[in-house]
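Here is a quick tour for anyone opening this structure for the first time. Have a look at it below, and then we'll walk through a few parts together.

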Amino acid sequence: VAARTELPERAEWSRRRNAALAAASTRTVVAATTLAREAAEADDPGLAKRPRDLDLPPWQKGRYGTAVGRAVHGVLQVVDLATGAGLDDAAAAQAAAEGVMNRTEVIARLARSGLDTEVARRAATTDHWRELWVAAEVGGRLIEGYVDLLYRTAEGLVVVDWKTDHVEGDDDVEAKVARYRLQGASYVAAVEAATDLPVARMVFAFLREDGATEVELTDLRDAVAEVASRATELAEASGLAGAEL
């Protein structure tokens, strides 16, 4: 005969119930873009990069942001990095999917500027992965995100983030990098935690019709440490530090 379990007093039951509801409603996963957005305290289209429904067609996965930006990312996800074969057809298909067929040539030029980058050329010669979803525990919090391009080198992995928002001049690029810094570092932290492999470089590639600007995150280790620190603060604030995620 099973032992009888005494029911708690109503006040104790209510306390336990409220605690359980609070724990269940706590967000245990944080997106790389969320960390960057909260740090920047700004609503930037370049940070509007969150996963969509996985049942959606491939050209609609993993992206919010502008229609042109989504289309460019979609092209760079499927086009041959080495030869650029299929770029024009992919640009037309992505433009149609996003409802911006009048911007097909712009999309093609932006995607072609991505192919002309040093990082794309290097990736084409080695193991590489595109639109790669990654999630791993960092600082007591599960961080997730979509890495635009990841490739392997003798020095370590390289994380690349395509940016299609408009930039003007070095000062603007510098300001954008400062805003996206924790986003890029979050991808690095998650990739390293998930693969147990070192990331040697994190590169932002700002795509323009007349060519791309590649900017490496120079304080990568400091930025990754800041991501871990912020994740720990979030975990402690929600009572998740040391908890199973």
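## The big picture

Of the chain's 245 residues, 43% count as buried. Keep in mind as you look around that this is a predicted model. The chain's secondary structure comes to eight helices and six strands. Read from the N terminus, the elements go α-β-α-α-α-α-α-β-β-β-α-β-β-α.

How do contacts spread along the sequence? Taking contacts between residues at least 6 apart in sequence, 64% join residues at least 24 apart.

## Helix H5 and its surroundings

A good place to start is helix H5, which covers residues 104-115. Its twelve residues reach 17 Å from the first C-alpha to the last, close to the 16 Å expected at 1.5 Å a residue.

Is H5 mostly covered or mostly open? It is mostly covered, with nine of its twelve residues buried. Those buried residues are Thr104, Val106, Ile107, Ala108, Leu110, Ala111, Ser113, Gly114 and Leu115. And what do they pack against? Their partners are H3, helix H4 (87-98), helix H6 (118-124) and strand E4 (156-163).

## Where H4 meets H5

Let's zoom in on one of those partners. H4 and H5 pack with their axes 9 Å apart, at an angle of about 130°. That angle makes H4 oblique to H5, because it falls outside the ranges for roughly parallel, roughly antiparallel and roughly perpendicular. Their crossing is right-handed.

Which residues do the meeting? On the H4 side they are Leu87, Asp88, Ala91, Ala92 and Ala95, and on the H5 side Thr104, Ile107, Ala108, Ala111, Arg112 and Leu115. It helps to remember that an α-helix has 3.6 residues a turn, so residues three or four places apart point the same way.

## Two residues in H3

Now over to helix H3, which spans residues 67-78. Valine 68 lies in this helix, and it counts as buried because its relative accessibility of 15% is under 20%. Leaving aside neighbours within four places in sequence, valine 68 is in contact with Arg103, Ile107 and Leu110. Ile107 and Leu110 are also among the buried residues of H5. Valine 68 and valine 100 are 32 residues apart in sequence, yet C-alpha to C-alpha they are 7.3 Å apart in space.

Arginine 70 is in H3 too. Is arginine 70 buried or exposed? It is buried, since its relative accessible area is 14% and the cut-off is under 20%. The side chain of arginine 70 makes a polar contact of 2.7 Å with the side chain of glutamate 98.

## Two residues with a positive phi

Most residues other than glycine have a negative phi. Here are two that go the other way. Glutamate 131 is not a glycine, but its phi is positive, near 50°. Aspartate 196, also not a glycine, has a positive phi of about 60°.

Where do they sit? Glutamate 131 is found in strand E2, residues 128-138, while aspartate 196 lies in the loop between helix H7 (169-195) and strand E5 (199-206). As for their surroundings, glutamate 131 counts as buried because its relative accessibility is 12%, under the 20% cut-off. Aspartate 196 is exposed, because its relative accessible area of 71% is over 50%.

Technical notes
Residues numbered from 1 in each chain as written. Predicted model: local features only at pLDDT ≥ 70, side-chain atom pairs only at ≥ 80, totals over all residues. Heavy atoms only, no water. Helix = DSSP H or I, 4+ residues; strand = E, 2+ residues; numbered from the N terminus. Buried < 20%, exposed > 50% of the residue type's maximum accessible area, 1.4 Å probe, protein only. Polar contact = N/O pair within 3.5 Å; in protein donor to acceptor, adjacent residues only side chain to side chain. Expected span 1.5 Å × (residues − 1). Contact = heavy atoms within 4.5 Å. Axes fitted to C-alpha atoms, helices over the stretch in contact; angles between N-to-C directions. Parallel < 35°, antiparallel > 145°, perpendicular 65-115°, else oblique. Left-handed = near helix turned anticlockwise from the far one by under 90°.
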